[in-house]
Amino acid sequence: MKIIILGAGQVGSSTAESLVNEGNDVTVVDTDSYLLERIQDRLDIRAVNGHASSPETLITAGIEDADMLIAVTQNDEINMVACQVANALFKTPKKLARIRASDYAEYPALFSPEAFAIDVIISPEQLVTAYLQRLIEQPEVLQVVEFFDGKAQLVAVEVSDKSPMSGQPISKLLDMLPDIKMRVAAIFRNNEVIPTSGKVALQPGDEIFFLALTHHISKLVKVFRHAYKTYERILIAGGGNIGRQLAKRIEANHKIKIVESNPKRARFIAEDLKRTVVLHGDAGDANLLKEENISKIDVFCAVTNDDEVNILSAMLAKRMGARKVISIIGKASHVELVRGTSIDLAISPAQITIGSLLTHIRKGDVVTVHSLRQGAAEAIEVIAHGDFNTSKVVGRYLEQLKLPASASVAAILRKGEVLFSEKSLVIAPDDHLIIFISNQRDIMAVEKLFQVDFNYLM
């Protein structure tokens, strides 16, 4: 595919890297020549220095025969206008835009063919809010993503040293929880993938990814995390759109407090939320945290717009006794920086956004894409189409699929029923398959496998 990406920031550069690795023809546009030079140094792309919404810039970037435009500049209005220009002047087939402001997202008519003609809207704030909600509703997990419209979840858990599974083979899980069906998608040990066969003994510190029905997840997590306990008291640092929306989503079942430094914003949130306590103050103030009994807080969630504030306040909260601390971190370099520190979970909005973007870019009928382990791995939901003659997967046993070594099928959704992978399962037309891919280089091979061969139909 010939794809133009507007914006060479974190989301733009990471998306470009994923698309280049899969053999796409990628051009990146930005006004910052330094960012373009950096991305060109490590990727085989074209770079165009210019304003993203300018027709001349778009022509230089090759918009006239582009298959797709991805507008992810820092400015919502530029993204919207660029898509409108691409549609009105060049009839670009598919246009994706990142829209941050909730004001725009609340009016879908703005993005209709008669207005800005945007095919897909990506809202980072909504994606991050939903992700944080899942982390709070599934305690002790490192990552949690949904499949099959929420029927199943793929979670990552670190094996604790006091877990009954520590030192035991994976097959032991079947003895401990005989009534629960699940599949281990991958095990990472010291950042390396190890085999997932039933004979492999787990070690403390192993990061295990497994898939199960959503209502079974907590029972499985309890096996790996001896200190499992549901979260009740949540302190949110930052009353922006993410903080406010997160509180609104979970306040019915949790005791929520928000700390907001802006007095007008604090007053607005207090009037908007029904059960949440809103405090005007600095979340990095040790005295304030002490007064609010930080040692009894289950989750401290730092979601301000400032990476430094998020990192330092989360570290302070952890030192003062908060059970779990989560920090939103915008810059990828900062995410790496806090690994191994007292911060339990560092969340990159860019990585979450990229997963949503890739869902609409992947070839074949891909329903969902989730970026895992900071982009090192992926989990996708893909639909099998065609028949035995036109498809390389339909009518075949799972063990017959020519998947790359790093890819494995975790489950199938068939007519509303979730079937966990077994060698004897035969793939039927319209089956939804969850595939875990631990090596990003193999993604293109998986996509190709699920594409229908139309030559058979001629």
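**Group meeting: two sheets, their helices and the cores**

I will begin with a pair of strands, β20 (residues 407-414) and β22 (residues 432-437), which run antiparallel and are joined by six bridges. Please keep in mind throughout that what we are looking at is a predicted model. Within this pair, Ile412 stands opposite Leu433 of β22, and Leu413 has His432 of β22 as its bridge partner.

On its other pairing, β22 is joined to β19 by six bridges, and these two strands also run antiparallel; here Glu381 has Ile434 in β22 as its bridge partner. Put into the wider context, these strands belong to an open sheet of five strands, ordered β18-β19-β22-β20-β21, in which the pairing is antiparallel. Which strands stand at the edges of this sheet? They are β18 (366-372) and β21 (417-420), and because each has a single partner strand, one side of each is left without a neighbour in the sheet. Ignoring direction, neighbouring strands of this sheet are turned against each other by 20° on average. Against the sheet packs helix α14 (residues 349-359), which touches β18 and β19 (377-383) and whose direction makes about 155° with that of β18.

Let me stay with β22 for a moment and ask how many of its residues are buried. The count is six of the six, so the strand is largely enclosed by the rest of the structure. In a regular strand, side chains alternate between the two faces of the sheet. In β22 we can follow this residue by residue, with His432, Ile434 and Phe436 pointing one way, Leu433, Ile435 and Ile437 pointing the other way, and all of them buried.

Now to the division of the chain, which gives domain 1 (2-122), domain 2 (140-224), domain 3 (233-352) and domain 4 (362-450). The C-alpha centres of domain 1 and domain 3 lie 32 Å apart, and the contact takes four residues from domain 1 and five residues from domain 3.

From domain 1 I have picked out one residue, Ile4, which lies in strand β1 (residues 2-6). Is Ile4 buried or exposed? Its relative accessible area is 0%, and because buried means under 20%, Ile4 counts as buried. Beyond its neighbours within four places in sequence, Ile4 is in contact with Thr27, Val29, Leu58, Ala61, Gly62, Ile63, Ala66, Met68, Leu69 and Ile70. As for Val48, that residue is 44 residues from Ile4 in sequence, while the C-alpha to C-alpha distance between the two is 10.0 Å.

The next sheet I want to show is also an open one of five strands, with antiparallel pairing and the order β7-β8-β11-β9-β10. Its edge strands, β7 (143-147) and β10 (192-194), each pair on one side only, and the twist from one strand to the next averages 25°. Inside the sheet, β8 (residues 152-158) and β11 (residues 207-213) pair in the antiparallel sense over seven bridges, with Phe209 in β11 as the bridge partner of Ala156.

Two helices go with this sheet. Helix α6 (residues 124-137) packs on the sheet, where α6 touches β7 and β8, and its direction makes about 110° with that of β7. Helix α8 (residues 217-224), for its part, lies across β8, β9 (182-189) and β11, running at about 155° to β11.

Does the length of α6 look regular or irregular? At 1.5 Å a residue, its 14 residues should span 20 Å, and the end C-alpha atoms are 20 Å apart, which agrees. Of those 14 residues 10 are buried, so α6 is largely enclosed by the rest of the structure; among the buried ones are Val128, Tyr131, Leu132, Leu135 and Ile136.

Leu132 brings me to the cores. In the largest nonpolar core, which holds 49 residues, Leu132, Phe210, Phe224 and Ile347 touch the most other members, and this core draws at least three residues from each of domain 2 (140-224) and domain 3 (233-352). There is also a second, separate core of 46 residues, which includes Leu19, Ala407, Leu433 and Ile435.

Finally, what is Phe210 in contact with, leaving aside its neighbours within four places in sequence? The list includes Leu154, Val155 and Val157, then Met182, Val184 and Ala185, and also Ile217, Leu220, Val221 and Phe224.

Technical notes. Residues numbered from 1 in each chain as written. Predicted model: local features only at pLDDT ≥ 70, side-chain atom pairs only at ≥ 80, totals over all residues. Heavy atoms only, no water. Core = buried A, V, L, I, M, F, W, Y, C linked by side-chain atoms within 4.5 Å. Buried < 20%, exposed > 50% of the residue type's maximum accessible area, 1.4 Å probe, protein only. Domains from an automatic or database assignment. Contact = heavy atoms within 4.5 Å. Pairing = 2+ DSSP bridges. Helix = DSSP H or I, 4+ residues; strand = E, 2+ residues; numbered from the N terminus. Axes fitted to C-alpha atoms, helices over the stretch in contact; angles between N-to-C directions. Expected span 1.5 Å × (residues − 1).
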